[in-house]
Amino acid sequence: MTSTTPESLPALGICLEEYEYPYPVRFLPLTNDLQQVSMAYMDVPPGTEPNGKTVVLMHGKAFGGYYFRNVIEALAGTGYRVVVPDQIGWGKSPKPDLHYSFQLLAANTAALLDHLGVGEVAVLGHSTGGMTAVRFTLMNPDRVTHLVLEDPLGLVDYRTGIPPQSEETLYDHEVHWTDPATIRGYVKGYFVHPDPKVWEPLADVLVRVTLSADYPRWARAAALTFQMIYQQPVRYEYPHIAPPVLLIVGAEDHVVPLGQYAAPAELAGLGDFIGLSEAAVSDIPRATRVSDTGVRAHPAPGAPQPVPGRVPAVPRQLTRLSRAFSMEVQMSVSSGETQPVEVGPPPYYHRSDCNICRKQDGLKTGSVLLDVPVPGGYIVESEHFLAEHAPLQESSAGTVILEARRHVLDFGEMTPAELAEFGSIAHRLVPAVKAATGVQRVYLLAVMERAPHFHLWFVPKKDEGEGRGADYLAQRPPLTSSYSEAEAMSIKIREQFEQS
Ligand SMILES: [Zn+2]
């Protein structure tokens, strides 16, 4: 075992015995493949007046239910009961050597719901959990009211581009996958803009289990579940999925399970989440797709990397993505309701009917100005504010919009911390826009007529266009910019801002 990081973490048992989950964990005894096993799960009651609905969350391959903390919090906070199993082979559940199948995982989940007295459910599956969720839905068509798939694996039959691998090969890879730096890099790769506060604790769990004396059993289960993903496609059965499906995919996500064994020419197609999800929604009878240009949400080992220097369009992290899940789940699950909901954990409390909130959470808004990649990505990402290039259709290159992360109308509603940060950002952003564009004046404009969510325009007053002052701002047609001009200007302004 190699060790390339200086810190020494304590070993963690392969059932994450010493790892604290965000909510109480209980166990359901089951018989799987003639073996006695105990499935760990969290059953979180509504944190407010119950709405009578239950959501089941199905985790991905590298995690257990614990990483859904924010999603659970948001859903329970608006009245849902949330059931989160650690599937057999994952998390606090045992790691038996048995024949893993999505049918088995789905049957275990159904047994858990029976045990808990839960009938109909909405199901959310992330990554490998997306395959589990599809199989569960196909096996329980009368039980699943809504299916949400977030960057699901299984949008393609991986056997079409990857040769089969022996149990020995897969086990050998897993049991030697213990280098802390490699594991950290892998988990960090889940994020377009990695925040150590978010990814490091997730990586620590995977590093610590490699230090357990039982790690070979973990590695065996990990290898067997890779075989399950490879050998048990769900793709051909998409036309049989009965309930409405919401498919959320990230354009920056290129993960291919067992992609290291794929022919290089096959890799791009197997990990093309945008193209594959487009085909998927045409085969799923009642599907809606949301794509987010800034979401990776999956590591992409060996996958084509973004062009060096290219800044992802909408930097975003799993925590914020979780709020997107929650909002869409709430809207999807409460179909028919038109009441806007306050969503997400504090301090933001986004609103489902606000286009700026929706844009920040990576959701479609229906506005052509907002549903496009932000040229050059966010210029400022601070605790309380975001800044990005203004819409190309109504601004010259170098026009920046600074917006509150929280749904707040104006200065009067801001907290002292928000006001202080606003002042400090404006102090640096005005000179940065001047330096990048070469103008003498930066006009400031905040009207909040189209969205009642604080956003302030920083408009460089150029020699082009008509008039000065309000005439310049109000000219018709408005000044415009090309994507490449705006992208180059965003990068320049960010450089100036970061140097100030
Ligand atoms: Zn808002």
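**Exercise 1. Determine which residue of β13 is the bridge partner of Phe-385, and place the two strands in their sheet.**

Solution. In β13, Phe-385 has Ala-404 as its bridge partner. The model is a predicted one, in which local features need pLDDT of at least 70 and side-chain atom pairs count only at pLDDT 80 or more, while totals for chains, interfaces and linings use all residues. Residue numbers start from 1 along each chain as its sequence is written.

Step 1. Strands (E, at least two residues) and helices (H or I, at least four residues) are DSSP runs, numbered from the N terminus. Two strands pair if DSSP finds at least two bridges between them.

Step 2. β12 (residues 385–389) and β13 (residues 400–404) run antiparallel and are joined by five bridges.

Step 3. On β11 (residues 380–381), two bridges give antiparallel pairing with β12; Val-380 has Ala-387 as its partner in β12. The connection from β11 to β12 is a hairpin through three residues.

Step 4. β13 is also joined to β15 (residues 455–460), by four antiparallel bridges, and Glu-403 stands opposite His-455.

Step 5. The result is an open sheet of five strands with antiparallel pairing, in the order β11-β12-β13-β15-β14. Its edge strands, β11 and β14 (442–445), each pair on one side only.

**Exercise 2. Establish how many residues of β12 and of β7 are buried.**

Solution. Step 1. A residue is buried if 20 or more other C-beta atoms lie within 10 Å of its own, exposed if 12 or fewer, and partly exposed in between, with C-beta atoms placed from the backbone.

Step 2. In β12, five of the five residues are buried, so this strand is largely enclosed by the rest of the structure.

Step 3. In β7 (residues 245–250), six of the six residues are buried. Val-245, Leu-247 and Val-249 lie on one side and Leu-246, Ile-248 and Gly-250 on the other, and both faces are covered.

Step 4. β7 pairs with β6 (residues 144–150) in the parallel sense over four bridges, and Glu-150 stands opposite Ile-248.

**Exercise 3. Explain why the buried residues of α5 line one face of the helix.**

Solution. Step 1. In α5 (residues 180–188), the buried residues are Pro-180, Ile-183, Arg-184 and Val-187.

Step 2. Viewed down the axis of α5, these residues fall within an arc of 100°, so they line one face; the arc is that of the directions from the helix axis to the C-beta atoms.

Step 3. An α-helix has 3.6 residues a turn, so residues three or four places apart point the same way.

Step 4. Among the elements covering the buried residues of α5 is α6 (196–210).

Methods
Contact = placed C-beta atoms within 7 Å.
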